[in-house]
Amino acid sequence: MSGSDNDDLEKELLLAAVESDARACEVQRVSVIKKIENEMETDPEQEVNEAAPETVIKEPIVTTQSHETAPKKRKHDVIEEDCKKQTGYASVIETHYNKLEEKGLDERNKSRIVYMRNFHNWIKSMQINEYIVKIKDSKRHNVPIRVLDMCCGKGGDLLKWRKAGISHLICSDIAAVSLDQCKSRYETNKRNGSSYSIELIHADCTKVRLREKYADPSIKLDLVSCQFAFHYSFESLPQAECMIRNAAECLNPGGYFIGTIPDANELMSRRNKAGMNKFGNDVYKVSFECDTDRPPLFGARYNFHLDGVVHCPEFLVHFPTLTELAKKYGLKLVNKEKFYNTFERLKLEGRNLLSNMSSLETYPSDQSTVGTSPNDYTHAENFLKQNNEDRRMKIGTLSKSEWEVSSIYLSFAFEKVKNTWNVDGTPKFEF
Ligand SMILES: C[S@@+](CC[C@H](N)C(=O)[O-])C[C@H]1O[C@@H](n2cnc3c(N)ncnc32)[C@H](O)[C@@H]1O
């Protein structure tokens, strides 16, 4: 899809929102939309960074193996009241994640999507490492690093935090069962030498102001990470705003909000290519449950089914809207990148980790491959033909079906900017 097609899609999203979205609180929404409209006139970032979904999905291949005061209470009351009015999909999402079984390592290794999951873990590790390094570079030696892992799930990133050498971690999630598992994992890791402290918060991060739940509500965070979860907040504007406020309000200036989400443009493009509201392959399926001709800015719902891991309602994240909302809370976009581009940028630096985490499947392999369809490794065969005279050479790759999932996602990073104060005590951010 060309840059101008992306622009068209965004204009369509915008028009649809203007015409049909009655869920969100109107005054805030209109002001966000106005700003987005202005930005969209000249949005070079969209032109440059959006991958072209029509380019047949490119599989990854590597050869061989000042303390901010809270904004005025009245404003928050409005957000919270708006959220509470909506029962929405929170309980469906919560029940889904609470029911997800904790599978042992053996079981996980047998999964059809084991390499894709490992690859996503590699992406998260590289992203966490990249921003931890920036934070450490900007601090004096041994200054404590404090992190919020928003929507932490079962604590899949606890070891990454250990490796990052942080001092304190706040974990929050809507699913109490996942949070219990996160706690047990933390205790096991602690016995094995993890030295950071932790606090766990059971909360709907799209409806609850996390700061009020922190052991120390005046805590200053260096990093907020929200992996594979921020899109749940795009059910409505108040929810998205609550989640962004949670991400932003305790961050130090110079701190980062990082995460990974499905790319709405990619999903819409696949829907358009399929010519219907359902598409997928043998490992994932998406079915849109909203008006795809005019998807609303918030509440553009689709069901996502992934090989027994996720079967859950999700919402398109219109990225320019996210960027605008983030600005309101002092967050400046510093990176937005499709997974393939992250892989290309970091594959040399992260080569050892790719291998240690078994993030790519070895091809050809002595064992049977996870993909069984004849097309699953055509890209690898072609690569070998083009690059290899020595037929014994092996490469690392993902099966086509797995890559069709990974290539839906993008990672993002926002930096918290400095602020001065308005006479009414609200922060004035210095962009
Ligand atoms: C795909 S999992 C990702 C878990 C973890 N971040 C990771 O990368 O392994 C999504 C998580 O988001 C959580 N979640 C979804 N909606 C939420 C909400 N409104 N508030 C808090 N957590 C939520 C789910 O319970 C689930 O644990």
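This section describes the ligand surroundings, strand S6 with its neighbours, and helix H9 in a predicted model.

The ligand is surrounded by 18 residues, of which Cys151, Gly153, Gly156, Gln227 and Ala229 come nearest. Classified by side chain, this shell holds 11 nonpolar, 5 polar and 2 charged residues. Helix H5 (residues 90-99) supplies the largest share of the shell, with 3 residues.

Strand S6 (residues 251-262) is mostly covered, as 9 of its 12 residues are buried. Strand S5 (residues 221-227) pairs with S6 in the parallel sense over 6 bridges, and Leu221 has Leu251 of S6 as its bridge partner. Between these two strands the chain passes through helix H10 (residues 237-248), forming a right-handed β-α-β crossover from S5 to S6. S6 is also joined to strand S14 (residues 409-416), here in the antiparallel sense and through 7 bridges. In this pairing, Pro262 stands opposite Tyr409 of S14.

Helix H9 comprises residues 176-191. With 1.5 Å for each residue, its 16 residues should span 22 Å, and the 23 Å separating its end C-alpha atoms therefore agrees with the expected span. Within H9, Ser178, Leu179, Cys182 and Tyr186 are buried. These four residues lie on the same side of H9, because they cover an arc of only 95° around the axis. The other side of the helix carries the exposed residues Ser184, Glu187, Thr188 and Arg191. H9 thus presents a buried side that includes Leu179 and Cys182 and, on the other side, exposed residues that include Glu187 and Arg191.

Note on methods
Residues numbered from 1 in each chain as written. Predicted model: local features only at pLDDT ≥ 70, side-chain atom pairs only at ≥ 80, totals over all residues. Near = placed C-beta within 6 Å. Nonpolar A, V, L, I, M, F, W, Y, C, P; charged D, E, K, R; others polar. Buried ≥ 20, exposed ≤ 12 C-beta atoms within 10 Å, placed from the backbone. Pairing = 2+ DSSP bridges. Right-handed = clockwise from strand over helix to strand, strands pointing away. Expected span 1.5 Å × (residues − 1). Arc of directions from axis to C-beta.
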